[in-house]
Amino acid sequence: MKPRLLIVELHHLGDAVLSIPFVRGAQKKYEVHVLCRPDTRGIYELLETPPVIHPWEPPWADGQPCSPLGAITAARNQGRSMRDLDFAAAVCVWADARAAILMAETKAKARAGFPMTPGNYYAAELPWRRRRRILGRAIEIFRSITHPRTPLLTHGLERESMRQPHLRCWEQIGEAMGLECNYSVPWLPAKHAQQAPLGNRPVLAFHPHARLPGKQWHPERWKELLATDSVRTNFDLLEIVPPGCNPVEAAEIRRVSTPDTAALIGAVASADVLLCHDSFPAHLAAALGKPVVTIFGSGEPDWFAPWQNRERVVQRRVCPLHPCIDRCGMDRYICVDAVAVADVLQQLEKLVPTR
């Protein structure tokens, strides 16, 4: 029987996708358990060999009001509730004292993660991020003083660069635990691939929606792009329409509804190229081995560009507050508004096969 390893990943869908290479690599040595939010469990359930999933909605999710003491208490209680699983190891890729406390309370023998130092914390220079980091670091130091023989992390790591990709952080955890991330594509099986449009042109799937407004390119820009001769001549178009969203007002475009993640994977798998925002579909397409052109606004592509697609990112670094981590300090989203149709076309045209 393999020893058990707990992965704490309490962020969003795209972040769950980015954890998959580590999950797959860890499964060679461990019985892998994942503590995740309920709305991301479906990602892990789609793996060929799903890990044991423990859904949990932390009280601080999505900026919900939660005092530091309340967060610590919730983390401690959740960790203690998992002690009977006798984890040999626990890991978390995020610099988050709450996650470290949770892992320590499981009594896992080895605990790897990133302390809340400035070099480990994304956008640590932003005032609200700085306050949060300092508080978290104070909690870590206080815990080390009160429990000198049982540190929160037995393997406290430091990022090699403040601009390194998030996936490199997963690799550092793997190295600390004697594991290798498994990047072989596809990361997820595409069991429900949609029928591609007929024709001999490459299929360009596009997903013109985003969860956060700071990542959303203006709908009129999408309409302008889809009307260009370059796009119409070089690609067959497939619009991906998620639940509750309206399609772009453009003619002669095949559309597919994606009510769940399996349907979204099928739609992306049927395409040759995906065009989308800095969002979950971008990481999903990269996980399937697809070229992805990603429109970035408030996010930082050095950290979160889709795997092997950093060079295809479209971005204009015009905002003095970038990256704002989705708390815009300007009177409008100048970051994503600055992206021109010509910028996107330039990347798409690089993906047109030569005749």
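**Exercise 1. Place Glu349 in the model: state its exposure, its helix and its distance to Phe235.**

Solution.
- Step 1: Glu349 has a relative accessible area of 43%, so it is partly exposed. The class runs between the cut-offs of 20% and 50%.
- Step 2: The helix that holds Glu349 is α14, residues 341–349.
- Step 3: In sequence, Glu349 and Phe235 are 114 residues apart. In space, their C-alpha atoms are 9.9 Å apart.

This model is predicted, and that applies to every exercise here.

**Exercise 2. Describe how helices α4 and α5 pack.**

Solution.
- Step 1: Take the two values that describe packed helices, the angle between the axes and the distance between them. For α4 (residues 68–80) and α5 (residues 97–105), the angle is about 30° and the axes are 7 Å apart.
- Step 2: Classify the angle. Angles under 35 degrees count as roughly parallel. Therefore α4 and α5 are roughly parallel to each other.
- Step 3: Give the hand. α4 and α5 make a right-handed crossing.
- Step 4: List the contact residues. From α4 come Ala71, Ile72, Ala75, Arg76, Gln78, Gly79 and Arg80. From α5 come Arg98, Ile101, Leu102 and Glu105.
- Step 5: Sort the contact by class. Five residues are nonpolar, two are polar and four are charged.

**Exercise 3. Repeat the analysis for helices α10 and α11.**

Solution.
- Step 1: α10 (residues 261–269) packs on α11 at an angle of about 60°, and the axes are 10 Å apart.
- Step 2: The two helices are therefore oblique to each other.
- Step 3: The crossing of α10 and α11 is right-handed.
- Step 4: On the α10 side, the contact uses Thr261, Leu264, Ile265 and Val268. On the α11 side, it uses Phe280, Pro281, Leu284 and Ala285.
- Step 5: By class, this contact has seven nonpolar residues, one polar residue and no charged residues.

**Exercise 4. Which residues of α11 and of α5 are buried?**

Solution.
- Step 1: Start with α11, residues 280–287. Its buried residues are Phe280, Pro281, Ala282, His283, Leu284, Ala285, Ala286 and Ala287.
- Step 2: That is eight of eight, so α11 is largely enclosed by the rest of the structure.
- Step 3: Look just past the end of α11. There, Gly289 takes a positive phi of about 85°.
- Step 4: Turn to α5. Ala97, Ala99, Ala100, Ile101, Leu102, Met103, Ala104 and Glu105 are buried.
- Step 5: Eight of the nine residues of α5 are buried, so this helix too is largely enclosed.
- Step 6: Name the partners. The buried residues of α5 pack against the strands β1 (4–9), β2 (31–36), β4 (89–91) and β5 (110–113). They also pack against the helices α4 and α6 (127–146).

**Exercise 5. Map the nonpolar cores.**

Solution.
- Step 1: Recall the general trend. In soluble globular proteins, nonpolar side chains tend to be buried together.
- Step 2: Find the largest core. This one has 91 residues. Ile7, Val8, Phe22, Val91, Trp170, Ile173 and Met177 have the most contacts inside it.
- Step 3: Ask which element gives the largest share of this core. That is α5, with seven residues.
- Step 4: Find the separate core. Apart from the largest one lies a core of 26 residues, including Trp217, Val341, Val344 and Leu345.
- Step 5: Zoom in on Met177. Beyond its neighbours within four places in sequence, Met177 is in contact with Lys29, Tyr30, Ala89, Val91, Ala110 and Ala112.

**Exercise 6. Locate the cis peptide bonds at Pro186 and Pro323.**

Solution.
- Step 1: Val185 and Pro186 are joined by a cis bond with omega about 0°. Pro186 sits in the loop between α7 (166–176) and β7 (203–207).
- Step 2: The bond from His322 to Pro323 is also cis, with omega near -5°. Pro323 sits in the loop between β12 (313–314) and α13 (334–337).

**Exercise 7. Lys107 and Ala123 have positive phi: are they buried or exposed?**

Solution.
- Step 1: Lys107 is not a glycine, yet its phi is about 70°. Lys107 lies in the loop between α5 and β5.
- Step 2: With a relative accessible area of 54%, Lys107 is exposed.
- Step 3: Ala123 is not a glycine either, and its phi is about 50°. Ala123 lies in the loop between β5 and α6.
- Step 4: Ala123 has 2% relative accessibility, so it counts as buried.

Methods:
Residues are numbered from 1 along each chain as its sequence is written. This is a predicted model: local features need pLDDT of at least 70, side-chain atom pairs count only at pLDDT 80 or more; totals for chains, interfaces and linings use all residues. Side-chain values use heavy atoms; hydrogens and water are left out. Axes are lines fitted to C-alpha atoms, for helices over the stretch in contact, and angles run from 0 to 180 degrees between N-to-C directions. Helices (H or I, at least four residues) and strands (E, at least two) are DSSP runs, numbered from the N terminus. Angles under 35 degrees count as roughly parallel, over 145 as roughly antiparallel, 65 to 115 as roughly perpendicular and the rest as oblique. A crossing is left-handed if the near helix is turned anticlockwise from the far one by less than a right angle, and right-handed if clockwise. Contact means heavy atoms within 4.5 Å. Ala, Val, Leu, Ile, Met, Phe, Trp, Tyr, Cys and Pro count as nonpolar, Asp, Glu, Lys and Arg as charged, and the others, Gly among them, as polar. A nonpolar core is a set of buried Ala, Val, Leu, Ile, Met, Phe, Trp, Tyr and Cys residues joined through side-chain atoms within 4.5 Å. Buried means under 20% relative accessible area, exposed over 50%, partly exposed in between (1.4 Å probe, protein chains only).
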